[in-house]
Amino acid sequence: MNNRLRELREHQGWSQAELAQRLEVSRQTVNALETGKYDPSLPLAFRIARLFDCRIEDVFLPDAP
């Protein structure tokens with residue numbers, strides 16, 4: 001699954017560690033999300049969308065066919 005997490009995080013001026021702290025996850029989790037190595041649980045996806053004041057679909061994009 002592709003996502004805009006890095007773009008959204010950088011727009012806020014946050015480091016991976018700062019975003020991780022806000023989401024209550026590890027920095028490694030943020031890195032894995034940003035690089036597409038990890039798909040978030042539904043509760044985490046909702047927390048991410050809420051943090052950036054957008055919809056889940058605005059953060060996470062389906063893979064191209």
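UniProt positions are given here in the numbering of this structure, with shortened feature names, and such annotations may be inferred rather than shown by experiment. According to the UniProt record, an unreviewed entry, the annotation "domain: HTH cro/C1-type" covers residues 5–59. The model is predicted: local features need pLDDT of at least 70, side-chain atom pairs count only at pLDDT 80 or more, and totals for chains, interfaces and linings use all residues. Residues are numbered from 1 along each chain as its sequence is written, and side-chain values use heavy atoms, with hydrogens and water left out.

**Annotated region**
- Over residues 5–59 the chain is 69% helix and 0% strand (DSSP runs: H or I of at least four residues for helices, E of at least two for strands, numbered from the N terminus).
- The end C-alpha atoms of residues 5–59 lie 6 Å apart.

**Nonpolar core**
- The largest nonpolar core (buried Ala, Val, Leu, Ile, Met, Phe, Trp, Tyr and Cys residues joined through side-chain atoms within 4.5 Å) has 16 residues.
- At least two core residues come from each of α1 (5–12), α2, α3 (27–34), α4 (42–51) and α5 (56–59), and α4 gives the most, with four.
- Phe52 is among the residues with the most contacts inside this core.

**Helices α2 and α3**
- The two helices pack at an angle of about 105°, with their axes (lines fitted to C-alpha atoms over the stretch in contact; angles run from 0 to 180 degrees between N-to-C directions) 8 Å apart.
- α2 and α3 are therefore roughly perpendicular (65 to 115 degrees).
- Gln16, in helix α2 (residues 16–23), is buried (under 20% relative accessible area), at 13%.

Methods
Buried < 20%, exposed > 50% of the residue type's maximum accessible area, 1.4 Å probe, protein only. Parallel < 35°, antiparallel > 145°, perpendicular 65-115°, else oblique.
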